[in-house]
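Biologist: Could you take me slowly through one part of this model, and then show me how that part fits with the rest of the chain? I am new to reading structures, so please go one step at a time.

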Amino acid sequence: MQVSIDQDRCCGSGQCVMAAPDVFDQSEDDGLALLRPGRARQAARADLELAAALCPAGAITVHEGHGTVPGDADGTGAVGA
Ligand code: SF4
């Protein structure tokens, strides 16, 4: 599984961090969500889907498979981060 965060939509509520703290973090600068590098691929699908469902901004997208997410230039599964 892979996950992406649309940081233009993220409002820093932190629900994703509560749902899947091994995958999501929040910036100390602006509170916006960040992905912990390399964690999304190893995460339980249920945890990622819960985070996406709880996100009040609809900023999280869970992707099937193990390929590269479009825009994931560094291969971390983080898009727009
Ligand atoms: S739950 Fe959504 S809005 Fe809240 S910090 Fe995570 S990505 Fe941002």
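Modeller: **A close look at arginine 39**

Arginine 39 lies in the loop that runs between strand S3 (33-35) and helix H2 (45-54). This is a predicted model, and every value that follows is computed from it. How exposed is arginine 39? Its relative accessibility is 38%, and because values between 20% and 50% fall in the middle class, arginine 39 counts as partly exposed. Once its neighbours within four places in sequence are left aside, arginine 39 is in contact with Asp22 and Val23. Its C-alpha atom is separated by 9.7 Å from that of valine 3, although the two residues are 36 residues apart along the chain.

From this loop we can step back to the strand before it. Leucine 34 belongs to strand S3, and, with a relative accessible area of 30%, leucine 34 is partly exposed. Which residues does leucine 34 touch, if those up to four places away in sequence are not counted? They are Ile5, Gln7, Val23, Phe24, Asp25, Gln26 and Ser27. Val23 is therefore a residue that appears in the contacts of arginine 39 and also in those of leucine 34, where contact means heavy atoms within 4.5 Å. The C-alpha atoms of leucine 34 and cysteine 16 are separated by 9.7 Å, with their positions 18 residues apart along the chain.

On the other side of the loop comes helix H2, and alanine 46 is found there. Alanine 46 counts as exposed, because its relative accessibility is 54% and the class begins over 50%. Its C-alpha atom lies 9.5 Å from that of alanine 20, and these two are 26 residues apart along the chain.

A contrasting case is glutamine 2, which has its place in strand S1 (residues 2-5). Is glutamine 2 buried or exposed? Glutamine 2 is buried, since its relative accessible area is 2% and buried means under 20%. From C-alpha to C-alpha, glutamine 2 and arginine 45 are 9.0 Å apart in space, while in sequence they are 43 residues apart.

These places can now be set within the whole chain. Its secondary structure comes to two helices and four strands, and, read along the sequence, they follow the pattern β-α-β-β-α-β. Of its 81 residues, 40% count as buried, and the accessible surface comes to about 4500 Å², of which 48% belongs to carbon and sulfur atoms. Among the contacts with a separation of 6 or more, 61% are made by residues 24 or more positions apart.

There is also a ligand, and where does the ligand sit? The ligand sits in the largest cavity. The residues around it include Cys10, Cys11, Gly12, Cys16, Ala33, Cys55 and Ile60. Sorted by class, this shell has eight nonpolar and four polar residues, and no charged residues. Cysteine 16, whose C-alpha atom was compared with that of leucine 34, is thus one of the residues around the ligand, as a heavy atom within 4 Å is what places a residue there.

Definitions and conventions:
Residues numbered from 1 in each chain as written. Predicted model: local features only at pLDDT ≥ 70, side-chain atom pairs only at ≥ 80, totals over all residues. Heavy atoms only, no water. 1 Å grid on protein atoms, 1.4 Å probe; cavity = no way out; pocket = protein on both sides within 12 Å on 5 of 7 lines; lining within 4 Å. Sits in = over half its atoms within 2 Å of the grid points. Nonpolar A, V, L, I, M, F, W, Y, C, P; charged D, E, K, R; others polar. Buried < 20%, exposed > 50% of the residue type's maximum accessible area, 1.4 Å probe, protein only. Areas by Shrake-Rupley, 256 points an atom, 1.4 Å probe, with all protein chains shown as cover.
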